[in-house]
Amino acid sequence: MFKIYPYKGVYPKIAQSVFLGDFVTITGDVEIGEYSSIFFNTVIRGDVAPTKIGNNTNIQDLCMLHQSPNNPLIIEDNVTVGHQVTLHSCIIKKNALIGMGSIILDRAEIGEHAFIGAGSLVPQGKKIPPHTLAFGRPAKVIRELTDEDYKEMDRIYREYREKGQYYKSLQSK
């Protein structure tokens, strides 16, 4: 099962419709919106600054979410965060996709509908524009997104929303 802990009297606020996978740990000042999914073995610590996760967002297996003092972590609606991603005090705008194994650091901002390629490192304070593909270590904008990119991002987002709700239905049995 998952573990939810308060930190210094502050409890996470998690919508009833959220799926929390086995071995997920969430502490402190964390808010998770409707129909989001936090997959297996993910850690979200809200013990330094707030973390806000919007609606319909999926945080996949083995992710680590944390913050620096006075720098919240904000993930907007309809975001996909791939397996083994580290997000630290950054802002992820709606409909973005963060590829597997990526690291997004303090005060970085990922624009709406931006796609961060797998294994990328977005350094502190870097801004990735909306509707672009960025990739590398450090991440650089490669190109504007295509219709095919948007279709693939939408497919992944929808599949993970459905998977999260499927697993949630199994927990209530």
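The largest pocket in this predicted model has a volume of about 180 Å³. Its lining comprises 15 residues, of which Gln60, Gly82, Leu97, Met100 and Ile156 are the closest to the pocket centre. Beyond the pocket, the model contains an open sheet of eight strands with mixed pairing, and its largest nonpolar core has 32 residues.

**Pocket lining**

- By residue class, the lining of the largest pocket divides into eight nonpolar, five polar and two charged residues.
- Strand S13 (97–98), strand S16 (115–116) and helix H1 (147–171) each contribute at least two residues to this lining.
- Helix H1 provides the largest share of the lining, namely four residues.

**The open sheet of eight strands**

- The strands of this sheet follow the order S3-S5-S7-S10-S13-S16-S19-S20.
- Strand S3 (19–20) and strand S20 (139–144) occupy the edges; each has a single partner strand, so one side of each is left without a neighbour in the sheet.
- Within the sheet, strand S7 (residues 58–59) runs parallel to strand S10 (residues 80–81), and two bridges join them.
- Asn58 has Thr80 in S10 as its bridge partner.
- As a general principle, strands of a sheet pair through backbone hydrogen bonds, in either the parallel or the antiparallel sense.

**Pairing around strand S4**

- Strand S1 (residues 3–5) pairs with strand S4 (residues 25–32) in the parallel sense over three bridges, and Lys3 has Thr25 in S4 as its bridge partner.
- Strand S2 (residues 13–14) also pairs with S4 in the parallel sense, over two bridges; here Ile14 stands opposite Ile32 in S4.
- S4 and strand S6 (residues 43–53) run parallel and are joined by seven bridges, with Arg45 in S6 as the bridge partner of Thr27.

**Val30 in strand S4**

- Val30, a residue of strand S4, has a relative accessible area of 1% and is therefore buried, the cut-off being under 20%.
- The contacts of Val30, not counting residues up to four places away in sequence, are Pro12, Lys13, Ile44, Arg45, Gly46 and Thr51.
- Val10 and Val30 are 20 residues apart along the chain, and their C-alpha atoms are separated by 8.8 Å.

**Nonpolar cores**

- In the largest nonpolar core, of 32 residues, those with the most contacts inside the core are Ile38, Leu65, Ile75, Leu87, Ile92, Ile104 and Ile110.
- S4, S6 and strand S9 (73–75) each supply at least two residues of this core.
- S4 accounts for the largest share of this core, three residues.
- Ile75 touches Lys52, Ile53, Gly54, Thr57, Ile59, Leu65, Leu87 and Ile92, again not counting residues up to four places away in sequence.
- Apart from the largest core lies another, of nine residues, including Leu97, Phe115, Leu133 and Met153.
- In soluble globular proteins, nonpolar side chains generally tend to be buried together.

**Links between the topics**

- Leu97 belongs to the core of nine residues and is also among the residues closest to the centre of the largest pocket.
- Strand S4 pairs with S6, and both strands supply residues of the largest nonpolar core.
- Arg45 takes part in a bridge with Thr27 and is also one of the residues that Val30 touches.

How values were computed. Residues are numbered from 1 along each chain as its sequence is written. This is a predicted model: local features need pLDDT of at least 70, side-chain atom pairs count only at pLDDT 80 or more; totals for chains, interfaces and linings use all residues. Side-chain values use heavy atoms; hydrogens and water are left out. On a 1 Å grid over the protein atoms alone, a cavity is a set of points where a 1.4 Å probe fits but cannot get out, and a pocket is an open set with protein on both sides within 12 Å along at least five of seven lines; lining residues have an atom within 4 Å of a point. Grid points are joined across faces, edges and corners, and a volume is the space filled by probe spheres set on the points. Ala, Val, Leu, Ile, Met, Phe, Trp, Tyr, Cys and Pro count as nonpolar, Asp, Glu, Lys and Arg as charged, and the others, Gly among them, as polar. Two strands pair if DSSP finds at least two bridges between them. A nonpolar core is a set of buried Ala, Val, Leu, Ile, Met, Phe, Trp, Tyr and Cys residues joined through side-chain atoms within 4.5 Å. Buried means under 20% relative accessible area, exposed over 50%, partly exposed in between (1.4 Å probe, protein chains only). Contact means heavy atoms within 4.5 Å.
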